[in-house]
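Here is a short tour of one protein model, written for a first look. Keep the 3D view open and follow each strand as it comes up.

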Amino acid sequence: MSGRKLTKTDHRDNGIKWIIILLLGACILMLVSCGKKHKKQASSDVVYGNEPRAVYGDDEVLYLDTNENGILRSYNLNQQIDAPICMRSECMHKGLSSSNENPECDAYIGYVACVCKIQGMIYYVSNEIGYNRFEVWKMDATGNSRERILVLEDTEEITHWTASGNCLILTFSDEYDSNGNLREKPETGFWVIDLSVKNAERRTLSGHYCYSVDTLSIVGENVYFSTGYTTEPVEDFMSDDFRRIFRTEICSMSLKTGEIRVILEGDDLSIKHIIGDYAVLQKDTSNRIYSLTDGSIMDIADSVGYSAPIWQVGDEILEITGGVVRFYSFHEKKLTAEFPAEGDERGVRAITNRYIFTIRNAPEGGITEYITIDDFRNQRWDWKPMPKPYQ
């Protein structure tokens, strides 16, 4: 991706999240992005994960080339074929550089806030046109038929995204108003985009100081999201007052009406994150799994606090902690499988219906590898590395 200077918002958000981690002892997710709802998608859909540079599907991973700024590539997981999203035989597939200021490769998409593939079409959100403005683009799987379908005005920063069906949800954070004046309370909210009719609706959350949306998921007709904010202005995140004025919540927003409801407040528990159909909470020394659909709860009493990353795998809950892998049935409220984790130290990066992606520590740096969920559950450790342009 092309270079981008950190904004004041970047520094503020990084500072807030770091302090939250220190104060609450939180390891919100391990080398990953927001949890996605792992429901069945069409085989061509690539909507899992929430990294700007990669999204993971059941058959394909779309990712930005680490060696070529802004070049989008596709890796077929079944055939292990890797190629840029460009069919021009004479093209060198070069991204943005000082010697190539106007890339002509069909795979070039530049700096993006998100990219996904829905019903065979690739969508991406770009701010290549400049500050405080994003564009939503659509193209086919070969990089052709490119069309700008929406312009999102007065949008300083896109922080997270999720997708389901033809619905794309983007969260935004605006520190400055349209006249360039610093807001007392940064404006935070959602862009709710219906890709089928090319319509975008901006929905703003009620104002709080240091408000941030941390994780989100579409479940049925609602978007569920976790938030953190302060009730008073903050100048020193290391002060004794910070914990007193800091709040966390799980909220829902109706996709139809825009109504926002607070589902849970973090008074006697710590809200960690949302994974698909569930919210992960910390209650005393236990992980508590809360169903967003019916409000039922499952406690995992022997979890090692925040050091235990939690994932949704189909209808089950996956926990990896203390070198042990555990699968739980949420509906039956019981442990269904337990075995030692593989010897190599790994962190989960993404999980789809078919695959688990992990990042393995190595002398040359982190290496992303994948394996089928079935092989993982049956301890057949035949890990396959992602291609070099990804690593």
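## A pocket, two sheets and a core

The second largest pocket holds about 320 Å³ of space. A pocket here is an open set of points on a 1 Å grid over the protein atoms alone, with protein on both sides within 12 Å along at least five of seven lines; a cavity is a set where a 1.4 Å probe fits but cannot get out, and lining residues have an atom within 4 Å of a point. Grid points are joined across faces, edges and corners, and the volume is the space filled by probe spheres set on the points.

This is a predicted model: local features need pLDDT of at least 70, side-chain atom pairs count only at pLDDT 80 or more, and totals for chains, interfaces and linings use all residues. Residues are numbered from 1 along each chain as its sequence is written, and side-chain values use heavy atoms, with hydrogens and water left out.

**The pocket lining**

Which residues lie nearest the centre of the second largest pocket? They are I320, A341, D344, R346 and G347, out of 21 lining residues. By class, the lining has 10 nonpolar, 7 polar and 4 charged residues. Ala, Val, Leu, Ile, Met, Phe, Trp, Tyr, Cys and Pro count as nonpolar, Asp, Glu, Lys and Arg as charged, and the others, Gly among them, as polar.

Strands β23 (316-321), β26 (346-351) and β27 (355-360) each supply at least two residues of this lining. β26 gives the most, with 3 residues. Strands (E, at least two residues) and helices (H or I, at least four) are DSSP runs, numbered from the N terminus.

**The sheet that starts at β26**

β26 belongs to an open sheet of 4 strands, ordered β26-β27-β28-β29, with antiparallel pairing. The edge strands are β26 and β29 (384-385), each pairing on one side only. Two strands pair if DSSP finds at least two bridges between them.

β26 and β27 form a hairpin with 3 residues between them. They run antiparallel and are joined by 5 bridges. R346 stands opposite R360, and I351 stands opposite I356. Is β26 mostly covered or mostly open? It is mostly covered, with 6 of its 6 residues buried. Buried means under 20% relative accessible area, exposed over 50%, and partly exposed in between (1.4 Å probe, protein chains only).

I371 sits in β28 (residues 367-372) of this sheet. The C-alpha atoms of I371 and T358 are 8.7 Å apart, with the two residues 13 apart along the chain.

**The sheet that starts at β14**

Another open sheet of 4 strands has the order β14-β15-β16-β17, again with antiparallel pairing. β14 (209-219) and β17 (260-265) stand at the edges with a single partner strand each, so one side of each has no neighbour in the sheet. Neighbouring strands are turned by 25° against each other on average, direction ignored. These angles come from axes, which are lines fitted to C-alpha atoms (for helices over the stretch in contact), and run from 0 to 180 degrees between N-to-C directions.

β14 and β15 (residues 222-230) pair over 8 bridges. L216 stands opposite F225 in β15. Their hairpin has 2 residues between the strands, and G220 takes a positive phi near 65°. All of β14 is covered: 11 of its 11 residues are buried. Further along, 5 bridges join β16 (residues 246-254) to β17. There, S252 has R261 as its bridge partner.

**The largest nonpolar core**

A nonpolar core is a set of buried Ala, Val, Leu, Ile, Met, Phe, Trp, Tyr and Cys residues joined through side-chain atoms within 4.5 Å. The largest one has 39 residues, and L72, V125, W161, L168, L170 and I193 touch the most other members. β6 (112-118) is among the elements giving two or more residues. β6 gives the most, with 6 residues.

**Four residues to find**

| Residue | Place | Relative accessible area |
|---|---|---|
| Q79 | loop between β4 (72-76) and β5 (81-84) | 55%, exposed |
| C210 | strand β14 | 9%, buried |
| I371 | strand β28 | 2%, buried |
| Q379 | loop between α3 (373-377) and β29 | 38%, partly exposed |

Most residues other than glycine have a negative phi. C210 has a positive phi of about 55° although it is not a glycine. Q379 has a positive phi of about 60°, and it is not a glycine either.
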